[in-house]
Amino acid sequence: MVHCHPLWENYLTSKSCIFRTIGFPDIFQGHFPRRALFSSSSGNNLQGPSDSISRGTIIIIVCAVVGAILLLAIAIGCCLCTHKRKKKPSRETVVLAAPAKRLGSYFSEVATETAHRFALSEIEDATDKFERRIGSGGFGIVYYGKLADGREIAVKLLTNDSYQGIREFLNEVALLSRIHHRNLVTFLGYSQQDGKNILVYEFMHNGTLKEHLRGGPNDVKITSWVKRLEIAEDAAKGIEYLHTGCSPTIIHRDVKSSNILLDKNMRAKVADFGLSKPAVDGSHVSSIVRGTVGYLDPEYYISQQLTEKSDIYSFGVILLELISGHEPISSDNFGLNCRNIVAWARSHIESGNIDAIIDASLDTGYDLQSVWKIAEVGIMCVKPKGAQRPTISEVLKEIQDAIAIEVQREAPQVQQLMSKRSMGSVSINTDNSVDLEQNASFDEMLMRPGLR
Ligand SMILES: Nc1ncnc2c1ncn2[C@@H]1O[C@H](COP(=O)(O)OP(=O)(O)O)[C@@H](O)[C@H]1O
Ligand SMILES: [Mg+2]
């Protein structure tokens with residue numbers, strides 16, 4: 001019985017096994033004396049000098065073959081690795097749906113250098129062991145805290161499924177710590193200990209715009225139109241910074257009235273920029289589309305292609321909220337067959353009936369022209385196609401024009417006050433209170449027309 005080595009094809013000729021390793025160069029192909037490759041059935045190995053030479057040759061050949069296979073495997077492995085590494089940046093620049101990750105990935109290694117890391121004990125002391133809960137949302141629960149140095153903070157304790165891993169969390173932390181603007185809620189640092197992922201922000205004393213539009217037992221409704229315009233202006237500036245002042249551009253992805261927060265002075269800042277969201281709030285879970293129902297750009301929803309214009313759509317919804325005071329989705333506010341603020345506002349605005357959408361609780365005395373301006377730009381923002389929507393800078397310009405209309409309207413009143421003041425005609429009452437207050441508000445009015 002004759003056997004060739006299994007690596008070799010069993011071509012037996014009368015004198016030799018024909019050795020063929022498929023895919024190897026010819027140097028590895030050859031004919032070898034048949035005797036060298038098989039032993040006799042009796043078990044007697046015939047070992048003359050030529051036999052030992054043949055065996056030596058076989059060992060060399062086998063080593064060469066094994067070596068060649070190893071080399072080939074290493075070469076293929078290297079090729080695959082380089083290919084993967086080369087591909088990464090292009091994928092990252094194309095996938096707009098994950099801007100935070102995109103930018104964050106460049107900084108993941110330096111996350112800890114740039115973002116302040118709080119010890120969990122520090123956070124526990126500040127929050128009295130997570131005692132005062134101020135809200136909850138798509139990421140988890142938010143608690144009030146006060147640091148040892150007196151700074152008030154909002155502590156966002158993230159649910160475990162908010163992030164797929166530590167690395168993703170650190171990426172986003174790295175991104176957040178690099179974004180600073182007066183109209184963005186300041187990110188103070190993070191904590192990651194005992195399985196807890198925590199983000200720490202400056203505390204915004206006056207809560208969310210959402211609360212101040214609807215009103216409630218603890219929330220004062222903002223009834224001044226100019227104040228609402230100022231809030232829109234602040235928020236637009238924050239988004240403008242994300243869209244045009246950051247490189248690469250940051251798409252917020254969750255612009256909504258509860259992500260516009262108000263500080264002690266009722267100035268607005270945008271919150272939750274740069275965070276990945278696990279799913280669509282209040283609707284079916286989607287691993288790709290992120291946002292909040294009522295604010296979600298339908299084009300993005302269908303195409304899953306995210307651009308800055310998706311933020312513009314959401315901002316348009318906020319403008320319609322500012323005019324009407326209504327929430328974006330409601331079964332009561334928009335008539336029989338309409339549950340959506342966009343369809344409702346569009347039909348009234350297009351038919352020229354602006355009064356039908358103006359919040360009845362707004363203080364009288366605003367200029368209809370400025371409301372029209374906001375209504376028109378709001379409708380442009382919610383156009384079905386992103387390409388038809390304005391940029392945030394164009395929206396900001398319209399808002400500032402609307403503020404200018406209101407300022408102009410009130411200019412004669414301010415002039416009256418000024419002339420009174422220069423003539424020293426501001427009288428002092430017996431209790432001193434009224435006119436001192438008038439003076440203070442007069443100075444403020446010059447500084448900030450919105451206070452009027
Ligand atoms: N920096 C902050 N300062 C004060 N309150 C905050 C702050 N961040 C969040 N909150 C409160 O916590 C609530 C939940 O916030 P969040 O988790 O971001 O969910 P959402 O954005 O869906 O409202 C907010 O609605 C707000 O009332
Ligand atoms: Mg939020």
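The largest nonpolar core in this predicted model holds 85 residues. Helix 8 (residues 225-245) is its main contributor, giving ten residues. The core takes at least three residues from each of domain 2 (97-203) and domain 3 (224-407). Ligand 1 lies between these two domains, because both give residues to the shell around it.

**Core**

- Five residues have the most contacts inside the largest core: Val 200, Leu 319, Ile 374, Val 395 and Ile 399.
- Leu 319 touches residues from other parts of the chain; leaving aside neighbours within four places in sequence, it is in contact with Ala 232, Ile 374, Val 377, Gly 378 and Cys 381.
- Ile 374 therefore appears twice, as a contact of Leu 319 and among the residues with the most contacts inside the core.
- In soluble globular proteins, nonpolar side chains tend to be buried together.

**Ligand 1**

- The shell around ligand 1 has 20 residues.
- Those that come nearest are Gly 135, Gly 137, Val 142, Ala 154 and Met 204.
- Strand 4 (133-137) supplies the largest share of this shell, with four residues.
- Strand 4 and strand 6 each supply at least two residues of the shell.
- By class, the shell has ten nonpolar, eight polar and two charged residues.

**Helix 5**

- Which residues of helix 5 (residues 120-127) are buried? They are Ile 123, Ala 126 and Thr 127.
- These buried residues sit on the same side of helix 5, because they cover an arc of only 85° around the axis.
- The cover over them includes strand 5 (140-146), strand 6 (152-158), strand 7 (187-193) and strand 8 (196-202).
- Strand 6 thus has two roles here: it helps cover the buried residues of helix 5, and it supplies residues of the shell around ligand 1.
- Just after helix 5, Asp 128 takes a positive phi of about 55°.

**Whole protein**

- The secondary structure comes to 14 helices and twelve strands.
- The protein has 452 residues, and buried residues make up 32% of them.
- Among contacts with a separation of 6 or more, 60% join residues 24 or more positions apart.

How values were computed:
Residues numbered from 1 in each chain as written. Chains lettered and ligands numbered in written order. Predicted model: local features only at pLDDT ≥ 70, side-chain atom pairs only at ≥ 80, totals over all residues. Core = buried A, V, L, I, M, F, W, Y, C linked by C-beta atoms within 7 Å. Buried ≥ 20, exposed ≤ 12 C-beta atoms within 10 Å, placed from the backbone. Domains from an automatic or database assignment. Contact = placed C-beta atoms within 7 Å. Arc of directions from axis to C-beta. Near = placed C-beta within 6 Å. Nonpolar A, V, L, I, M, F, W, Y, C, P; charged D, E, K, R; others polar.
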